[in-house]
Amino acid sequence: TTPLSLFYIGAVMHRTGLRSLKLERSSILVLLFRFLISPALAFALVYLVPLPGLARTVFVLQAGMPAMTQTALVAGRYGADEGYAAGLLVLTTLVSLFMLPLYALVLGRTGWI
């Protein structure tokens with residue numbers, strides 16, 4: 001379903017336009033939780049559970065990944081704001097291009113990678 005959801009997201013973004021990508025308070029909160037708080041919590045929690053280094057790295061990186069592509073599909077199906085969901089998906093994907101290398105740098109310095 002992921003390739004089809006990308007077509008759907010493209011259609012929604014075409015309909016709403018890229019100008020709908022505004023940094024509002026809610027968008028900033030989503031980015032803050034998605035890319036800082038969630039990976040920080042995962043980073044702290046993996047110290048409590050004895051896991052090998054690769055598993056710890058995977059958990060922390062998964063916590064900081066962008067929003068799922070199916071989010072816009074579910075929002076459209078249940079009558080929520082699909083344009084907002086698609087916009088946040090695009091925004092989190094763009095921010096992840098910068099944050100994932102930063103995570104790799106931090107995890108590399110901890111000796112996990």
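Reader: Is S96 buried or exposed, and how should that label be read?

Author: Buried means under 20% relative accessible area, exposed over 50%, and partly exposed in between, with a 1.4 Å probe and protein chains only. S96 counts as buried because its relative accessibility is 6%, whereas V95 is partly exposed at 25%. This is a predicted model, in which local features need pLDDT of at least 70 and side-chain atom pairs count only at pLDDT 80 or more, while totals for chains, interfaces and linings use all residues. Residues are numbered from 1 along each chain as its sequence is written, and side-chain values use heavy atoms, with hydrogens and water left out.

Reader: Which residues is S96 in contact with, leaving aside neighbours within four places in sequence?

Author: Contact means heavy atoms within 4.5 Å. With those neighbours left aside, S96 touches F35, P66 and P101, and V95, on the same terms, is in contact with L31 and F35.

Reader: At what angle do helices α3 and α5 pack?

Author: Two packed helices are described by the angle between their axes and the distance between the axes. Helices are DSSP runs (H or I, at least four residues), numbered from the N terminus; axes are lines fitted to C-alpha atoms over the stretch in contact, and angles run from 0 to 180 degrees between N-to-C directions. Here α3 (residues 53–63) and α5 pack at about 150°, with axes 11 Å apart. Angles over 145 degrees count as roughly antiparallel, under 35 as roughly parallel, 65 to 115 as roughly perpendicular and the rest as oblique, and α3 and α5 are therefore roughly antiparallel.

Reader: Which residues of α3 and α5 meet?

Author: T57, V60 and L61 in α3 meet L100, Y103 and L107 in α5.

Notes:
Helix = DSSP H or I, 4+ residues; strand = E, 2+ residues; numbered from the N terminus.
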